[in-house]
Amino acid sequence: ALIALSHGGSDADVTREFDLVTKRFVPASEGGFERPDAKGSLSWIDAETVFVSTDFGPESVSSSGYPLQVRRWHRGTPMPEADLVYQGEPTDMQVGAGRDHVPGFVRDWVYQVRGFYDYDLFLLNPDDSLTLIDVPSDCTAAPHRDLLLLTPRTDWEVDDVLVPAGSLAVARLESFLPGWEGKGPRVRVLFAPSELTSIADFFVTRNFIVITAQEDVRTYLLVFHHDGEQWQSRRIHRDLPGTVWASAVDDVEGDELWITATGFLQPPTLYLGDLAPLLEGGDPSPLVRMKAEPSHFDVTGLEVSQHFAISDDGTRVPYFQIGRTDLPPAGENPTLLGGYGGFEVSMSPQYGPMTGKAWLERGGTHVVANIRGGGEYGPAWHQAALKEHRHKAYEDFAAVARDLAARGIADAQHLGIQGGSNGGLLMGNMLTQYPELFCAIVIQVPLLDMQRYHKLLAGASWMAEYGDPDKPEEWAYLQNYSPYHLFDPAKNYPPVLFTTSTRDDRVHPGHARKMMAKMLAAGKNALYYENIEGGHGGAADNKQRAYMSALAYTFLWEQLAK
């Protein structure tokens, strides 16, 4: 096995070979594969060869610190002498390679990522030449046996067939290789999103394509199978609660599934299922409950409900509320609101042991906002808050806060908010643009200086999300949601707790440090904690995570439960 190991939780890591029989790491002195600390990876070609992407020196890494070279490394040879397979452009975000090991369909693939939503997939031929899979650069292309699964981020018309943004289409792989011209239609749309539905994920088994879909931020499973004449679809396991994740047990040999189901009040539970009976026209096998995480807090008297706020432009914004069935009046109900709103990440219902123990058990109410910028309703929901439209995400979050007040859940004196990373940028904008709505704010591993974010660590890779501040026309809107520049020493702000990590090599801790310095200089009520480990997760182990969570929840409770 090849095992990636991180120092203190950083994105940079090492890869070491581990012998599964002797249960020991194979040292380099014995011919073991070992990649030094850097952002990158190793992946098997065969037992004696790997693809390696890592820092090989000047011009081998991008401005974000990700690898721009893929090499083929043979066991027993020095890594710097590995054969170059592909060299990315200086403006690329990263490149990589991997082998599909499915018997009868063994192929090597190279990918070139120019930005988060701009990438190409190449078939690596035996002579090391590359064949481009000719799909739009914002379309994910996933090979499977003789098929190609396609998910575009914008509407795509091919051979008079419209493949809508956020849909899943299937094609024969050879139809996107040279020589197919004139041989007929190439794509078939299996799933097209609606205003309320979207794809959360998809994967394959031996005979099925499985989609994890979501409707109003609640997930379900769809399976597709080709019966020799046409594609058949079916929704399965309808009784699963909350959020569902699924994957193939072995996509080469069989049709078994791992399924994990969870919810705000339901610990993750792992099930084993089998789709094989569907091949004979039957139902999937009953799920076998394999294991469940124990309950970490008392759910007695708690309930989950979903509500919708109306944003400034009339958009309907969903949010979940978790709290007591007998809620006290707004002026007596400490309420914690969280959100993210970026990179097409969905805030789906998930079990939160620390939130449950430190907040819900104490009588607090927890709220999760599904604002634009996320992936709750597919690419369109995300794109609605990109770049110059970023303010839509912040208007959505503020609308949820106002809706909580209007519904009598929490007033401004008892409403706190918390978020990290891009969610830390969200919190920074709530602090500087909507301070009157909140009583306390926790800002974790945040982006805050949007004029220099692209010059710090991985920041350059996010310009497709936010924009390029070096371009005057883009800085013109970026400065409107750069908390560091929006801070006004003359304004009143609610108490703030900043937390970050010295070893965060994704979002530089300088963002939090600079903002804290500004607040201190202005005499504002601000606290700061920087963990020396933890990477972008903020904590390197459970003890550190517990401590940092205790800091945040204690700070919030002291402010909101007055």
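Which residues does phenylalanine 498 touch, not counting residues up to four places away in sequence?

**View 1. Surroundings of phenylalanine 498 in a predicted model.** Phenylalanine 498 touches Ile443, Leu448, Met515, Met516, Met519, Ala526, Leu527, Tyr528 and Tyr529. Contact means heavy atoms within 4.5 Å. Local features of this predicted model need pLDDT of at least 70, side-chain atom pairs count only at pLDDT 80 or more, and totals for chains, interfaces and linings use all residues. Numbering runs from 1 along each chain as its sequence is written, and side-chain values use heavy atoms, leaving out hydrogens and water.

**View 2. The largest nonpolar core.** This core holds 58 residues. A nonpolar core is a set of buried Ala, Val, Leu, Ile, Met, Phe, Trp, Tyr and Cys residues joined through side-chain atoms within 4.5 Å. Buried means under 20% relative accessible area, with a 1.4 Å probe and protein chains only. Leu337, Phe397, Val400, Phe438, Tyr466 and Phe498 have the most contacts inside the core. Helix α3 (residues 391-406) gives the most to it, eight residues; helices are DSSP runs of H or I, at least four residues, numbered from the N terminus.

**View 3. Another core, apart from the largest.** It has 17 residues. Among them are Leu148, Val163, Ala169 and Leu173.

**View 4. Packing across the chain.** Of the 562 residues, 54% count as buried. Residues 24 or more positions apart account for 56% of the contacts with a separation of 6 or more. The C-alpha atoms fill a box of roughly 70 × 55 × 55 Å, taken along the principal axes.

How values were computed:
Buried < 20%, exposed > 50% of the residue type's maximum accessible area, 1.4 Å probe, protein only. Helix = DSSP H or I, 4+ residues; strand = E, 2+ residues; numbered from the N terminus.
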